[in-house]
Each structure stands twice: as C-alpha cells, then as structure tokens.
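Let's take a friendly walk through a protein model, one piece at a time. Keep the 3D view open and turn it as you read.

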Amino acid sequence: MIIKDLVIVDIDLSGVGIKEKFKEYGLKYTVQRQAVVEAVLENPDLHMSSKEIHRLLKSKHYEIGTATVYRTLQLLEKMKLVRRIDLDDMCMRFEICRHEKHAHHHLICSLCGAVVDMEDDLLDELEKQVYRKHGFVVENHSVKFYGRCKKCKGLKDIKPVDSKK
C-alpha cells in the first residue's frame, strides 16, 4: 500500500507526479484522493466504476464516501490522468490515460463480460481516407469488439451476458 499511517506519497503516472498535478490545479492531494489514485493504478485492467472503486476501498477499511470517489475521478479526468469509458454495461468506467494518439480499443466477451485492452490501432489508414475524402481530421475514436474471450470461445451452453443492460 502507498498510504501508510496517513502519510501521502507522490505517485508518478505517465511521467507526471500526481501530487504535483494536484498542486498545479490548486488542489490538495488528500489521503482519500490518493486512495482513489492507488485503486486505479493497482487495478489497471479492471476498468472499474466509481462504485466498484468505493467498494474496493471500503473493503480495505478506508473511510471514504461514494461522492468523494466520484469527484476525485472527475478531477483525475479533468487533469487527463484517467478517462471515462463506456463498455455498454450501463455504468461509466475509468481507465488510466496513457497519452497515446488515440484511446485504445476494447475486446468484450459476450459470455463472461471480460474486457481486454487492444493496443493496436488498426484505423490509421481509415483516418487518412476520411481526411482525403471529407477533409475531416479525426482526433479520436472508440472501437469495441464483441465476441468470446480465450476462456469462453469453446463454451456453448452458457447464457450470454447482456451488454446492453
């Protein structure tokens, strides 16, 4: 754990000291805010919602409210340290911004709901075509592939997860 006896330790994310980033925005880097940052950093593949982060922190005996978790995530998003992602499951999820050219794509298992980050950006040529044909400069895009993960690809008699809940 990074929080030890209520001592705040700066965390580096993508070359940016988070404590310094809070200072740049005129904000305090509180123990609660650090706990939220830590939860996101320790679970980068989980794409957690604010409620899931709150549950995780409560299970670790942190005294923190759901509103504090949500507001901290909003601040981190404003600072471009996390981004919101919509995985079509009726809740807003968050992931670490890696400051790549575009947000990466997601592979979503239609049986178990597992989410895998896909780092390859296969749309560069399409973006060039869009520019040539329409004069439109693509700044970002979001692609979600639905199918079966490695664990579920051979399974047949399981009811698929409804990704549109």
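Two strands are said to pair if DSSP finds at least two bridges between them. Keep that in mind as you look at this predicted model, beginning with its strands.

**The sheet**

Find strand β5, residues 105-109, and strand β6, residues 115-118. These two pair in the antiparallel sense over four bridges. Within this pairing, L107 stands opposite V116 in β6. Five residues lie between the two strands of this hairpin, and G113 takes a positive phi near 85° there.

Now look for β7, residues 144-147. β5 and β7 also pair over four bridges, but in the parallel sense. Here I108 stands opposite Y146 in β7.

How are the strands ordered in the open sheet? The order is β6-β5-β7, and the pairing is mixed. β6 and β7 are the edge strands, each pairing on one side only. On average, neighbouring strands of this sheet are turned by 25° against each other, direction ignored.

**A pocket beside these strands**

The second largest pocket has a volume of about 210 Å³. β5 and β7 each supply at least two residues of its lining. Among the lining residues are L107, I108 and C109, together with F145, Y146 and G147. You have already met L107 and I108 as residues that stand opposite V116 and Y146; V116 and Y146 line the pocket too. R148, K150 and K151 also belong to the lining, which divides into eight nonpolar, one polar and three charged residues.

**How the helices pack**

Two packed helices are described by the angle between their axes and the distance between the axes. Helix α2 covers residues 31-42 and helix α3 covers residues 50-59, while helix α4 covers residues 66-78. The table sets out two packings that involve α2.

| Helix pair | Angle between axes | Distance between axes |
|---|---|---|
| α2 and α3 | roughly 105° | within 10 Å |
| α2 and α4 | about 70° | 10 Å |

What do these angles tell you? Angles of 65 to 115 degrees count as roughly perpendicular. α2 and α3 are therefore roughly perpendicular to each other, and the angle of α2 with α4 makes that pair roughly perpendicular as well.

Which residues make the contact of α2 with α4? From α2 come Q32, R33, V36, V37 and V40, and from α4 come T68, V69, T72, L73, L75 and L76. The residues of this contact divide into seven nonpolar, three polar and one charged.

On the other side of the comparison, A35, V36, A39 and V40 in α2 meet I53, L56 and L57 in α3. The residues of the contact of α2 with α3 divide into seven nonpolar, no polar and no charged. V36 and V40 appear in the contact with α3 and also in the contact with α4.

**Cavities**

How many cavities of 30 Å³ or more does the structure hold? There are two, and the largest has a volume of about 50 Å³. Its lining includes A39, V40 and I53, residues you have just seen where α2 meets α3. F94, E95 and I96 line this cavity as well. α2 and β4, residues 92-96, are the elements that give two or more residues to the lining, and the largest share, three residues, comes from β4. The residues of this lining divide into seven nonpolar, two polar and one charged.

Definitions and conventions:
Residues numbered from 1 in each chain as written. Predicted model: local features only at pLDDT ≥ 70, side-chain atom pairs only at ≥ 80, totals over all residues. Heavy atoms only, no water. Axes fitted to C-alpha atoms, helices over the stretch in contact; angles between N-to-C directions. Parallel < 35°, antiparallel > 145°, perpendicular 65-115°, else oblique. Contact = heavy atoms within 4.5 Å. Nonpolar A, V, L, I, M, F, W, Y, C, P; charged D, E, K, R; others polar. 1 Å grid on protein atoms, 1.4 Å probe; cavity = no way out; pocket = protein on both sides within 12 Å on 5 of 7 lines; lining within 4 Å. Points joined across faces, edges and corners; volume = space filled by probe spheres on them.
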